[in-house]
Amino acid sequence: SMMLGAPVWSVLSDLTGKSVAVLRIATALQVMGCSLLYLRIDSVPMVILGIILLALGRSPMGPLSDAMTLEALGPNKDQYGTVRTWGSVAFLMVALLSGLLRQVWWRSPLLLGGIMMTVTAVLAWRLKPAEETAQKKAPSELLALIKRPQIAWLLVVVTLHGITLTTYDNL
């Protein structure tokens, strides 16, 4: 879903100009997916549905949050590294906490993730949309862009990189 979901969500956000709405939908999908995993871990169909919802909701988070961060920074885009650093620090702290909690109770990472996703969803729903403008691109313009050799190679490299990350994430 990362390989298909992220580009689909990104195109949807670009075409509609409603990145905050896309963020809200994605966080809601994550909450639903994590809730299913936590509450219905005993049901294989519900686990599969929970994984699908969680993956679909998670897939746009990287590109969308990066784009929204750069937009929010405005002319101070050189501060992006500082913002990104705090995101990395937060990830490391949550990964450590999740690992420690798992030693106590095997389902605690799902509970912690669900709580954090719910808080994120609430904050996303309170987020005020910036001046969002649709970037309508004709399909022919997108195809012309993809046909450029530099872009084609970039897509190959990004796809291969995404495959390795997806495999690593799922180990």
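Biologist: How many helices and strands does the protein chain have?

Modeller: In this predicted model, the chain has eight helices and zero strands. Read along the sequence, that gives α-α-α-α-α-α-α-α.

Biologist: What makes Tyr 38 and Trp 105 an aromatic pair, and why is the pair called edge-to-face?

Modeller: Their ring centres lie 6.2 Å apart, and the cut-off is within 6.5 Å, so they pair. The planes meet at 85°; over 60 degrees counts as edge-to-face, so that label applies. The structure holds one aromatic pair, and this is it.

Biologist: Which parts of the chain does the pair link?

Modeller: Distant ones: Tyr 38 belongs to helix α2 (residues 19-39), while Trp 105 is in the loop between α5 (80-104) and α6 (108-126). They are 67 residues apart.

Biologist: Why does Trp 105 count as partly exposed?

Modeller: Its relative accessibility is 37%. Buried would need under 20% and exposed over 50%, so Trp 105 falls in between. Across the protein chain, buried residues make up 24% of the 171 residues.

Biologist: And how do you know that the charged end of Arg 107 sits over the ring of Tyr 38?

Modeller: That end is 4.4 Å from the ring centre, and the distance limit is within 6 Å, so the distance part is met. The label also requires a position within 35 degrees of the ring normal. Tyr 38 therefore has Trp 105 as its edge-to-face partner and the charged end of Arg 107 over its ring.

Biologist: What share of the exposed area do carbon and sulfur atoms supply?

Modeller: They supply 72% of about 12,000 Å².

Methods: Residues numbered from 1 in each chain as written. Predicted model: local features only at pLDDT ≥ 70, side-chain atom pairs only at ≥ 80, totals over all residues. Heavy atoms only, no water. Phe/Tyr/Trp six-rings, centres within 6.5 Å; stacked < 30°, edge-to-face > 60°. Helix = DSSP H or I, 4+ residues; strand = E, 2+ residues; numbered from the N terminus. Buried < 20%, exposed > 50% of the residue type's maximum accessible area, 1.4 Å probe, protein only. Areas by Shrake-Rupley, 256 points an atom, 1.4 Å probe, with all protein chains shown as cover.
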